[in-house]
Amino acid sequence: MLVVGLTGGIATGKSTASALLASHGIPIIDADLLARQAVEPGTRAHRNIVKVFGQEVLVSSLESLSPPSANTDIRDWRIRPIDRKKLGSIIFNDEGKRKALNGIVHPAVTRAILWGVVKAWMKGEKIVVVDVPLLIEGGLWKWMGKVVVLAELHSNASWPATLTHADASSRLNSQLPITSKVPHADIVIDNSGTPADLKGEVMSCIGKLERAVGWGWLLSWLVPPVGLLSALWCLACRALRRRMVDARGRRSKHS
């Protein structure tokens, strides 16, 4: 099975590309969704976030609970969800607090991603896409069979409606620039054109992934040791590629 890492940046069309991949029957593991599930009330991450950031980052009204209940005691912090907007406004302007949050959430999300990959393999999928905004920054790209990067902004791109321009700009600054992500890519999807152009780029990407998988995935699925050896070989090639990228980066700095 080919594990594909998909990344881009804010307003690069990554969500659209992910939806197009899913529409062609490719399972998507959405790291953002897993991150929201990881911090739901009752989880270890929820408790640790409250411990580090205080109850001020929790929702403050019954209307914010889903579903609301007249018998719910809003004073009980253990059942109050994280207010993502409040927490986001704190961490994306403070690198230390952002690292503290990542230290809480990332291990839980990584475990959930691994379990999602295992379930896809058990179902006999030949390709699974892991959609991770910080794929490169977090180092998870090293464990992907292929890395796909959305490289350009649409000319008509807009920030999510829930974010102010200032908040979105701050979040963008927390990520590597796209030009720093592209060297890690096996496949680059150019989304600088129209939605129809992006659809064509995604179709081209699917064709490249299908050719990369070939028929070897079936043998790897039927004979697990072969699959394990294939995965180890893939990771070794990825490590070699990483060293080559680092070497080019060092040479460019000295030139």
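In which helix does L21 lie? L21 lies in helix α1, and this residue offers a convenient way into the structure, which is a predicted model. With a relative accessible area of 4%, L21 counts as buried, because buried means under 20%. Leaving aside its neighbours within four places in sequence, L21 is in contact with L6, I26, I28, V129, V202 and I206. A further pairing spans much of the chain: L21 and C205 are 184 residues apart in sequence, while their C-alpha atoms are separated by 9.2 Å.

Before going further, it helps to set out the overall picture and the confidence attached to the model. The protein has 255 residues, of which 37% are buried, and its secondary structure comes to 10 helices and 5 strands. Of the contacts between residues at least 6 apart in sequence, 76% join residues that are at least 24 apart. The accessible surface comes to about 14700 Å², and carbon and sulfur atoms account for 58% of this area. The average pLDDT of the protein is 81, with 80% of the residues scoring at least 70. Over residues 153-157, however, the pLDDT is below 50, although in the model this stretch has 13 contacts beyond near neighbours in sequence. Among the elements, strand β2, residues 28-30, has the highest mean pLDDT, at 97, whereas helix α6, residues 165-173, has the lowest, at 52.

From there we can turn to the interior. The largest nonpolar core has 35 residues, and those with the most contacts inside it are I49, L87, V105, V109, I113, V130 and L135. Two or more residues of this core come from each of the helices α2 (31-38), α3 (44-53), α4 (84-91) and α5, and likewise from each of the strands β3 (127-131) and β4 (146-150). The largest share, 8 residues, is given by α5. One of the core residues with the most contacts, V109, also marks a link across the sequence, for L33 and V109 are 76 residues apart along the chain but 9.3 Å apart in space, C-alpha to C-alpha. L33 is placed in helix α2, and at 37% relative accessibility L33 counts as partly exposed.

The charged side chains add another kind of connection. How many salt bridges does the count come to? The count comes to 4 salt bridges, among them one between K14 and D131, in which the closest N and O atoms are 2.6 Å apart. K14 lies in helix α1 (residues 14-23) and D131 in strand β3, so this pair ties together parts that are 117 residues apart in sequence. Both partners are covered: K14 is buried, with a relative accessible area of 9%, and D131 is buried as well, at 4%.

A second salt bridge joins K181 and E137, with the closest N and O atoms 3.4 Å apart. Because K181 lies in helix α7 (residues 178-181) and E137 in the loop between β3 and β4, the pair ties together parts that are 44 residues apart in sequence. Here the partners differ in their exposure, since K181 is buried at 0% relative accessible area, whereas E137 is partly exposed at 29%. Another salt bridge, with an N to O separation of 3.4 Å, is formed by the side chains of E95 and K99. E95 and K99 both lie in helix α5, 4 residues apart, or about one turn of the helix. E95 counts as partly exposed, at 48% relative accessibility, while K99 is exposed, with a relative accessible area of 54%.

Helix α5 also takes part in a feature of the outer surface. A nonpolar surface patch of about 1100 Å² is made by L114, W115, V118, W121, M122, W215, L218, W221, L222, V223 and V226. At least two residues of the patch are supplied by each of α5 (95-122) and α9 (216-222), and the largest share, 5 residues, comes from α5. One of the patch residues is L222, which lies in helix α9. L222 counts as exposed because its relative accessible area is 57%, where exposed means over 50%. Helix α5 thus gives the largest share of the largest nonpolar core and also the largest share of this surface patch.

How values were computed: Residues are numbered from 1 along each chain as its sequence is written. Side-chain values use heavy atoms; hydrogens and water are left out. pLDDT is the predictor's confidence in each residue, from 0 to 100. Contact means heavy atoms within 4.5 Å. Patches are made of residues with over 30% relative accessible area and no salt bridge: like charges are joined within 9 Å, nonpolar side chains (Val, Leu, Ile, Met, Phe, Trp, Tyr) within 5 Å. Accessible areas come from the Shrake-Rupley method with a 1.4 Å probe; for residues, only the protein chains shown count as cover. Buried means under 20% relative accessible area, exposed over 50%, partly exposed in between (1.4 Å probe, protein chains only). A nonpolar core is a set of buried Ala, Val, Leu, Ile, Met, Phe, Trp, Tyr and Cys residues joined through side-chain atoms within 4.5 Å.
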